[in-house]
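Colleague: Could you take me through the aromatic side chains in this one, slowly, with a close look at a single spot to begin with? I'd like to see what surrounds the rings there.

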Amino acid sequence: MNPWQRKPKPTPEAQNSPADRQSLMPDADVAASGPRSVAAAGSIGAVTTGDYSPLTISVYPPAPAPTALASLPAAPSKLSGRGTEVEQVLSVLRPRTGSPQQDADCSGAGPTTASAADDVIPPILVTSVAGLAGVGKTALALTCGHAAAEAGWFTGSLFIDLHGYDESPVQPGQALEAFLRALGVDPAGIPAAAEERAALYRSALENRADQGQRLLIVADNAASADQVRLLLPGNHRHQVLITSRHTLPTLNARLVDLAVLSPEAAVALLRHALQRANPADRRVLDAADGIEELAGLCGYLPLALHISAALLILEPDQTIAELTAELATARSRLSLLDDGERAVRASFDLSYHRLSPDHAELFRLLALNPGPDIGLEAVTVLAARPLPAVRTILRALVQAHLLDCVNKRWSMHDLVRDYATELALDTQQAAANNAGGEGALGTAGTHAQARSRLLEHYTTTALAASAHLTLGAHSSAPGEFADQDKALAWLDSERVNLTASVAAAAGIGHQDIALRLPVILYDYLIWHGYFDDLIAVTTIACSIAHQAGALAAEAGAWNNLGIALAEASRYEEAVPAHRRAADLFASIDNHKERGKALNGLGSALRDWGKPADALQIHQEALTIQRACEDLQEQAAVLNNLSLDHQELGNVTAACAAAEEAASLFQQLGDTTNEAKALCTAAFALQASGQSNEAQVVCERAIEAVSRAMGNPRDEAAILMTCAELLTILTPQQKIAYLLQAQAACQRANAHDLYAHTLGAIGLAWITAGDINQAAVHLTRAASMFESLGLTSEAADIRELLVLLQS
């Protein structure tokens with residue numbers, strides 16, 4: 001027919017035919033995509049004019065369509081700290097039989113039989129690299145792609161950036177059109193429908209596989225499995241490598257989750273970036289410690305590290321220490337981590353904006369948790385949602401790599417937490433600036449209520465857990481904890497949240513929680529030797545109580561602070577804290593509590609090296625407690641008086657005071673303190689030359705501690721003391737007591753006592769004649785002393801080890 005002949009106007013049915021859709025109607029995916037639409041082009045075109053049908057004009061014979069089968073962008077010049085991940089990816093990309101042709105022949109042999117499947121791992125078609133925005137997924141993919149190509153594993157590659165988190169992501173139909181063009185398919189022959197394009201794409205890949213070609217297909221920055229599903233080949237003779245901020249578990253892929261860099265690799269990245277830009281740049285050499293701090297402030301996130309390097313490159317006169325100080329003191333690290341082309345905040349925005357409203361809300365709420373991680377029960381309290389709904393949202397946030405989950409606890413990367421905190425603050429600020437906006441006001445109120453719920457949850461649950469510490473290991477204390485072990489496990493897991501809650505409560509005006517929680521945590525923190533934590537929370541309580549004019553609460557907080565400082569061997573600071581407590585109690589005529597504060601003051605003075613002053617203070621405290629008829633406090637003061645007398649060489653008075661203390665504790669049924677007082681008496685008897693009497697008292701102490709269910713730290717100290725003083729023990733008996741002490745140290749988390757116990761066990765094994773066992777325990781003791789910074793004790797042990805080995 002003459003190409004210029006006029007034909008009738010096509011019917012609606014004809015207009016909807018595949019051929020007409022190809023000519024007249026772009027794929028819906030393409031049309032909706034905006035500026036990233038991939039237009040068809042070539043020597044054959046279609047024109048429509050009014051009522052006329054499309055006119056096809058052949059100007060020249062069609063030329064073969066070009067191919068683009070080496071499309072991988074350049075890989076980074078150096079990939080720091082990713083050796084394990086590179087090997088994970090390459091282990092999948094590596095051909096199974098050694099050459100592309102052999103691999104293609106093997107893969108085309110048909111389905112694997114059931115018997116073969118038992119012995120052969122089936123080939124993996126897809127590898128999906130997932131991780132937080134800016135963690136270096138694309139860099140890893142390109143490094144692996146180029147390494148595989150250089151090894152000859154692939155005859156070509158296809159690459160596309162799917163822009164999955166942009167406002168206009170590449171649609172599957174667009175990606176298929178781009179790949180078909182790269183494979184040499186004539187643009188005029190590319191169907192309009194995405195499914196038809198996918199079929200043609202798989203056929204084109206099959207043809208190339210039949211020709212012995214093996215292609216690596218890299219789909220970068222995918223937002224979902226649906227965005228890449230149509231890009232997968234029909235068989236395993238080619239390989240697909242995907243990167244995404246989301247874990248994609250439904251693609252039957254090898255999943256590689258990419259974490260932030262190790263501190264060493266982060267420092268190496270900074271050094272390489274600066275020296276690559278200018279080999280004469282000596283800033284990394286002149287600031288060895290500073291660059292490690294800078295890497296830490298970047299959260300070891302590659303994007304943040306690259307931006308920091310760019311900032312230093314752009315300002316050659318700025319030192320690493322200056323940039324580090326800016327980041328450390330900045331109101332917002334995210335605002336500084338922007339080099340004009342890249343920004344950490346903008347990168348996080350792309351992930352956040354894909355969240356549904358309820359997921360985004362919980363993401364912001366999680367930033368209100370005062371500690372670094374959070375348990376499931378606390379999340380349900382924070383969100384005020386049912387457990388199943390909370391689990392679903394948490395799972396989605398983990399899949400998006402906005403949360404991490406380890407041991408059923410959820411946490412955020414430092415910079416992500418900063419980002420979520422800013423979002424929460426922005427929401428509250430928007431509410432403050434928008435008096436008429438009920439939605440914003442409601443959201444801000446929700447955040448305030450959520451924080452209050454969470455702080456109250458931590459306080460009330462800590463109270464229930466702490467009850468088990470004073471009632472014993474097998475107590476039936478009311479509440480949600482079945483026994484002491486479960487209570488301690490909860491306190492251990494939430495310790496950082498609990499201590500941080502005190503500062504959080506003080507910061508938002510919850511004075512009641514800021515005052516109650518340090519008192520609730522006192523026994524637990526003392527038991528486990530977390531004296532720095534106790535100092536921190538009681539210092540806050542002192543300030544809050546003073547501001548509120550709550551004299552009794554302030555006095556109690558100062559007394560607890562004095563005890564914590566003394567336990568931390570900060571005696572010079574403990575003395576004024578106890579004096580302040582005693583003065584405040586005197587001002588409110590609380591003589592009994594003033595006597596307790598004086599007892600603590602005397603102990604701090606003695607440990608500070610002033611036993612005469614301590615004796616005077618303890619005598620005053622004893623007078624007060626006898627007047628108050630408080631037997632418990634009388635016994636405590638008498639035990640301290642015995643120690644004062646021993647320091648001053650008053651052996652007889654020391655023995656009498658300790659025996660009276662032990663008698664009172666026994667009368668009160670306080671077996672732990674009875675055992676402690678008996679140990680004090682045993683030391684006094686030993687010092688007076690009454691060894692046999694000291695042995696008898698030690699045996700009484702061991703019997704008492706066997707009945708006690710108190711602080712395991714006290715139990716360990718008592719057992720160690722008795723093992724030292726009981727000279728009638730055989731080495732095996734001494735070791736048995738010391739092993740009990742070791743177990744108590746473990747329960748108490750008492751690292752210093754544990755190290756001393758190990759040393760004592762080592763010495764006991766020497767006496768028993770087993771040098772090998774002695775060396776094992778002494779070596780462990782020396783290592784623990786060194787890790788605790790107790791260099792003198794470690795040196796003594798090391799010297800003994802040298803003698804054993806000589």
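Modeller: Start with Arg495, which lies over the face of Tyr530, 3.8 Å from the ring centre. Bear in mind that this is a predicted model. Tyr530 also has an aromatic partner: with Tyr524 it makes a tilted pair, the centres 6.0 Å apart and the planes at 45°. The angle is what earns the word "tilted", because stacked would need planes under 30 degrees apart and edge-to-face over 60. How buried are the two tyrosines? Tyr524 has a relative accessible area of 1%, so it counts as buried. Tyr530 comes out at 18%, and that still counts as buried, because the cut-off is under 20%. So the ring of Tyr530 has Arg495 over its face and Tyr524 as a tilted partner, while being buried at 18% relative accessibility.

There is another charge over a ring to look at. The charged end of Lys610 sits over Trp608, 4.0 Å from the centre of the ring.

Now widen the view to the ring pairs. Searching the whole structure turns up seven aromatic pairs. One of them is Tyr352 with Phe363, again tilted, at 5.9 Å centre to centre and 40° between the planes. This pair links distant parts of the chain: Tyr352 belongs to helix α17 (residues 344-352) and Phe363 to helix α18 (residues 357-366), with their positions eleven residues apart. Both Tyr352 and Phe363 are buried. They also belong to one aromatic cluster, together with Phe348 and Tyr419.

While you have the model open, turn to the small matter of a sheet. Strands β8, β10 and β9 form an open sheet in that order, with antiparallel pairing. β8 (373-375) and β9 (404-406) are the edge strands, each pairing on one side only. From one strand to the next the twist averages 30°. Between β8 and strand β10 (residues 409-411) there are three bridges, in the antiparallel sense; for Asp373, the bridge partner in β10 is Ser411.

Last stop, a helix pair. Helix α4 (residues 83-93) packs against helix α7 (residues 137-150) at an angle of about 45°, their axes 10 Å apart. That angle makes α4 oblique to α7, and the crossing of α4 past α7 is right-handed.

Technical notes: Residues are numbered from 1 along each chain as its sequence is written. This is a predicted model: local features need pLDDT of at least 70, side-chain atom pairs count only at pLDDT 80 or more; totals for chains, interfaces and linings use all residues. Side-chain values use heavy atoms; hydrogens and water are left out. Rings of Phe, Tyr and Trp (its six-membered ring) pair if their centres lie within 6.5 Å; planes under 30 degrees apart count as stacked, over 60 as edge-to-face and the rest as tilted. Helices (H or I, at least four residues) and strands (E, at least two) are DSSP runs, numbered from the N terminus. Buried means under 20% relative accessible area, exposed over 50%, partly exposed in between (1.4 Å probe, protein chains only). A charge sits over a ring if NZ of Lys or CZ of Arg is within 6 Å of the ring centre and within 35 degrees of the ring normal. Two strands pair if DSSP finds at least two bridges between them. Axes are lines fitted to C-alpha atoms, for helices over the stretch in contact, and angles run from 0 to 180 degrees between N-to-C directions. Angles under 35 degrees count as roughly parallel, over 145 as roughly antiparallel, 65 to 115 as roughly perpendicular and the rest as oblique. A crossing is left-handed if the near helix is turned anticlockwise from the far one by less than a right angle, and right-handed if clockwise.
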